[in-house]
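Hi,

Here is the structure I promised to pass on. Have a look at it first, and then read on for what turned up.

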Amino acid sequence: LKSIEEQLSSERFLKIHKSYVVAVNKIESIEGNEVRIAGHGVPISRHWREEVMEKILRNKLLKR
């Protein structure tokens, strides 16, 4: 996963868990410690949550 992650644009993809990298434009919402993508919950690890939230808020990455 690490080698794939290094090839992805950090502008368009976020690592949210040790096992998950997601496309930012596919995130529908953030609910607690999960992001919703296509109606499915994908966990955000405690380790990555602060960085994910900061990046989303700083760059206004979620659609309104």
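**The largest pocket**

The largest pocket holds about 180 Å³ of space. Please keep in mind that this is a predicted model. Its lining is made up of Glu5, Leu8, Ser9, Ser10, Phe13, Leu14, Lys15, Val21, Trp48, Glu51, Val52 and Lys55. Two elements each give two or more residues to that lining: strand E1 (13-17) and helix H2 (46-59). H2 gives the most, with four residues. If you sort the lining residues by character, six are nonpolar, two are polar and four are charged.

**The sheet**

Moving on to the strands, there is an open sheet of three, in the order E3-E4-E5, with antiparallel pairing. E3 and strand E5 (40-43) are the edge strands, each pairing on one side only. From one strand to the next, the twist averages 30 degrees. As a general reminder, strands of a sheet pair through backbone hydrogen bonds, either parallel or antiparallel.

**The E3-E4 hairpin**

Within this sheet, strand E3 (residues 27-31) and strand E4 (residues 34-37) pair in the antiparallel sense over four bridges. You can follow the pairing on screen: isoleucine 27 has isoleucine 37 in E4 as its bridge partner, and isoleucine 30 stands opposite valine 35 in E4. Together E3 and E4 form a hairpin with two residues between them. In the turn, glycine 32 has a positive phi of about 65 degrees.

Happy to talk it through whenever suits you.

Best wishes

Note on methods. Residues numbered from 1 in each chain as written. Predicted model: local features only at pLDDT ≥ 70, side-chain atom pairs only at ≥ 80, totals over all residues. Heavy atoms only, no water. 1 Å grid on protein atoms, 1.4 Å probe; cavity = no way out; pocket = protein on both sides within 12 Å on 5 of 7 lines; lining within 4 Å. Points joined across faces, edges and corners; volume = space filled by probe spheres on them. Nonpolar A, V, L, I, M, F, W, Y, C, P; charged D, E, K, R; others polar. Pairing = 2+ DSSP bridges. Axes fitted to C-alpha atoms, helices over the stretch in contact; angles between N-to-C directions.
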